Amino acid sequence: MKNIIRKTPQNMYQPVGNYSHTTIIPAGMDTYVFSGQIGIRDDGSFPTVFNDEVQQLFKNIRALLDTEGLTGADITKVNIWSVKDIDWDYFDSEWDKLFENKHPSMTIAYVRALGLPEISIEIDIWAAKQPHE
């Protein structure tokens, strides 16, 4: 069984957050590319408190992963876009629940706006897993 490899080369600076500099997906694994996920509730509303939106966002990511039989350990790349300053202590607590120290490669960008004015943060994920036989 092949496993996703996460590493930081010894000749590189250590990550400034909970991520890996390099993620290697072995040949033969299925790759999953997901649309950006947002902190929208099932009823179509958005939390007004930013950390509540972050919590809902991670809930939505876990639900999406569940539909494909994936876990945080299968995620290989994360792109984060936020229009607000992120409370990193809170964000990292949600992040660590999802990834359990199997941190993917990650990019964060602060942007002026996202697709709708109600959206304050969006996360785009890629994942890989052994194919079903």
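**Exercise 1. Find the strands that pair with β7, and say where the bridges fall.**

Begin with strand β4, residues 37-38, which pairs with β7 in the antiparallel sense over 2 bridges; strands here are DSSP runs of E of at least two residues, numbered from the N terminus, and two of them pair if DSSP finds at least two bridges between them. Within this pairing, glutamine 37 has isoleucine 123 of β7 as its bridge partner.

Before going on, note that this is a predicted model, in which local features need pLDDT of at least 70 and side-chain atom pairs count only at pLDDT 80 or more, while totals for chains, interfaces and linings use all residues. Residues are numbered from 1 along each chain as its sequence is written, and side-chain values use heavy atoms, with hydrogens and water left out.

Next comes strand β3, residues 30-33, which is joined to β7 by 4 bridges and runs antiparallel to it; here valine 33 stands opposite tryptophan 126. Finally, strand β5, residues 75-82, pairs with β7 over 7 bridges, again in the antiparallel sense, and the bridge partner of isoleucine 80 in β7 is isoleucine 123.

**Exercise 2. Decide how well β7 is covered, and describe the surroundings of isoleucine 123.**

Strand β7 spans residues 121-129, and 7 of its 9 residues are buried, where buried means under 20% relative accessible area with a 1.4 Å probe, counting protein chains only. Leaving aside neighbours within four places in sequence, isoleucine 123 is in contact (heavy atoms within 4.5 Å) with ten-odd positions that can be listed by name: Ser35, Gly36, Gln37, Leu57, Phe58, Ile61, Val78, Asn79, Ile80 and Phe91.**Exercise 3. Place isoleucine 123 in the largest nonpolar core.**

A nonpolar core is a set of buried Ala, Val, Leu, Ile, Met, Phe, Trp, Tyr and Cys residues joined through side-chain atoms within 4.5 Å. The largest one has 23 residues, and those with the most contacts inside it are Val78, Ile80, Phe91 and Ile123. At least two residues of this core come from each of α1 (50-67), β5, α2 (88-99) and β7, with helices taken as DSSP runs of H or I of at least four residues. The helix α1 gives the most to this core, with 6 residues.

**Exercise 4. Set these elements in the whole protein.**

From the N terminus on, the elements run β-β-β-β-α-β-α-β-β. The radius of gyration, taken over C-alpha atoms, is 15 Å, close to the 14 Å that the globule rule (2.2 Å times the number of residues to the power 0.38) gives for 133 residues, so the protein is as compact as a globular protein of that length. Buried residues make up 39% of the 133 residues.

Note on methods
Buried means under 20% relative accessible area, exposed over 50%, partly exposed in between (1.4 Å probe, protein chains only).
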